[in-house]
Amino acid sequence: MEELAVFGGTPVREKPIYYGRQCIEQDDIDAVTEVLKSDLITCGPKVEAMEAELCRVTGARYAVVVANGTAALHLAALAAGFGAGDEVIVSSVTFAASANCVLYCGATPVFADIRPDTYNIDPEAVEKLITPRTKGIVAVDFTGQAVEHDALREICEKHGLILIEDAAHAIGTKYKGRPVGSIADMTCFSFHPVKTVTAGEGGAITTNDEQLYRRLMRVRTHGITRNREEMVHPTDALWYNEQVELGYNYRMTDFQAALLLSQLCKLPKFSARRKEIVARYDQAFGEMPEITVQREIPESETTRHLYILRLKPDMLNCDRKQFFDALYAENVCPQVHYLPVYWHSYYEKLGYKKGLCPNAEQYYEEVMSIPLYYSLTDEDVEDVIRAVKKVTAHYRR
Ligand SMILES: *Cc1c(COP(=O)(O)O)cnc(C)c1O
C-alpha cells in the first residue's frame, strides 16, 4: 500500500487545495473599476440595481443589501422584534452568527437538534422546545439544502412565530420549485468569498412583507428616515431627515454591489458546476462503506455550498483528527463545519451545557468539509477522491 504523506509518503497533489474559494473573472474586475471611476462609490445606483436583481433571482418582493451576512441576521432579528425575555429557536450546527444575532437583540437562543441524516434543523425537536416565550426560529439551510419549510411553516403558524431563514449557504437553492429567499418571513444571505457568489464582504435580507422591508431599510442607515410618513416631526424642508429609532450603518458600497451584480449573473453556471461536483462525490463516496453521504430531501433542489465527508467511526482505525490531518498532508485541505454553537466557550459561560443536542454533537465528531467550488477542475475532483480513498484504505478496519 502507498505510504500516506503524513508518514513520509508522496502526497496525492503537489499544490494544496482548500475547501472553498471565490471565482473572480475579468468582467467582475471591470464592473468594480467602472464604479470606482464614477461619482458615487457608495449610496449610488448599483445598490438599488443589485436589490432589484436579487428580487428577480429569489422571487422575493423586497431585498435589502447590507455590509455582510451577520449584519443581515442582526437586522432581521431586530425587525422581527426579538428582545429581552424572548426565546428564539436556532439550529445547533451552524456558524455562530446565526445565534449571535439573537443575543445582539437581548433575546435568548434555544438550540434545536439536527436530523441525523440531512443535518438540517429537526422540526420535531423545534416543536418540543416551544414555550410561551418563544418568538421565532432561525433555521439554517445547512450546506445549501433547504430546511423543511412545510413543517416549519406549520409550527410558526400554530404558535405565532417569525421564521428567519439563514440562507448564507443556499443562494440558488429551490424548495418545491420556489427559490430560497421568497419563502420564510425573512431570508438572510452572505456574500463572503467562500460562499457561492461574493461581494468581498456582503449580505442581504429578502422579504415579501412591506412593513418588515421599511423597518430593515431604516435600521440599515442609523434608524434615520427621509419618508415624511415615518417622521414624528415632518416638515417640507428638503434637507430634513429624522432619526426615529436606533439603527446602524450596515450599508454596502456601490463597487461591492457592482461586483455582486456581476457575480449574480453567473449564478446559473456556478450552481451547475457545484451540482456536477456533488454528483461525482456522491457517486464515489456512496460506494464506500466507511463514508456516509448526506441525505437530500426530495423537496430541495440544492446548490451546495459545502460538501460534508462524514466518517463511520466503527469502520475506521482512526479518529476524525487523524483522518483530517492525513488528508491535509495529501494537500487536500478540509475544514470542519461546525462546532455545535453552544460548545463555544462564550456560550458555555452563558450557561449552555454539553449534551443538549446529541445528533449535532455526534455529527461534529465525524465530519469534515472537502473542496467544493466552481473553479475546481475534473482533475482536482479526482485528486480529492483519490486522497480520500488513500487515507481510508490506510485506516480501514
Ligand atoms: C457565512 C455565514 C454567516 C455570516 O456571514 P458573513 O457574511 O460572514 O457575516 C452566517 N451564517 C452562516 C450559516 C454562514 O455560513
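Helix H3, spanning residues 69-79, contributes the most to the shell around the ligand, with 3 residues. The model described here is predicted. In total, 15 residues surround the ligand. Those that come nearest are Gly69, Thr70, Asp166, Ser190 and Lys195. By class, the shell holds 8 polar, 5 nonpolar and 2 charged residues. The site itself is the second largest pocket, and the ligand sits in it.

Polar contacts to the ligand were examined next. The side chain of Thr70 places an N or O atom 2.6 Å from an oxygen atom of the ligand. Ser190 also faces a ligand oxygen, with a polar side-chain atom at 2.8 Å. Asp166 is paired with a nitrogen atom of the ligand instead; an N or O atom of the Asp166 side chain lies 2.8 Å from that nitrogen. On its own, the ligand has 380 Å² of accessible area, and the protein covers 92% of this area.

An open sheet was also examined. Three strands form this sheet, in the order S7-S6-S13, and their pairing is antiparallel. Strand S7 (178-179) and strand S13 (300-301) stand at the edges. Each has a single partner strand, so one side of each is left without a neighbour in the sheet. In general, strands of a sheet pair through backbone hydrogen bonds, in either a parallel or an antiparallel sense. Strand S6 covers residues 174-175 and pairs with S7 over 2 bridges, in the antiparallel sense. Within this pairing, Tyr175 stands opposite Arg178 of S7.

Backbone geometry was then considered in the loops. The peptide bond from His337 to Tyr338 is cis, with omega near -5 degrees. Tyr338 belongs to the loop between helix H10 (320-329) and helix H11 (345-349).

Positive phi values were found at Cys43 and at His222. For Cys43, phi is near 55 degrees, a positive value in a residue other than glycine. Cys43 is placed in the loop that runs between helix H1 (26-36) and helix H2 (45-58). For His222, phi is near 65 degrees, again positive in a residue other than glycine. His222 lies in the loop between helix H7 (210-220) and strand S10 (224-225).

Terms used. Residues are numbered from 1 along each chain as its sequence is written. This is a predicted model: local features need pLDDT of at least 70, side-chain atom pairs count only at pLDDT 80 or more; totals for chains, interfaces and linings use all residues. Side-chain values use heavy atoms; hydrogens and water are left out. A residue is near a molecule or strand if one of its heavy atoms lies within 4 Å of it. A polar contact is a pair of N or O atoms within 3.5 Å; within protein, one must be able to donate a hydrogen and the other to accept it, and residues adjacent in sequence count only if both atoms are side-chain atoms. Accessible areas come from the Shrake-Rupley method with a 1.4 Å probe; for residues, only the protein chains shown count as cover. On a 1 Å grid over the protein atoms alone, a cavity is a set of points where a 1.4 Å probe fits but cannot get out, and a pocket is an open set with protein on both sides within 12 Å along at least five of seven lines; lining residues have an atom within 4 Å of a point. A molecule sits in a cavity or pocket if more than half of its atoms lie within 2 Å of its grid points. Helices (H or I, at least four residues) and strands (E, at least two) are DSSP runs, numbered from the N terminus. Ala, Val, Leu, Ile, Met, Phe, Trp, Tyr, Cys and Pro count as nonpolar, Asp, Glu, Lys and Arg as charged, and the others, Gly among them, as polar. Two strands pair if DSSP finds at least two bridges between them.
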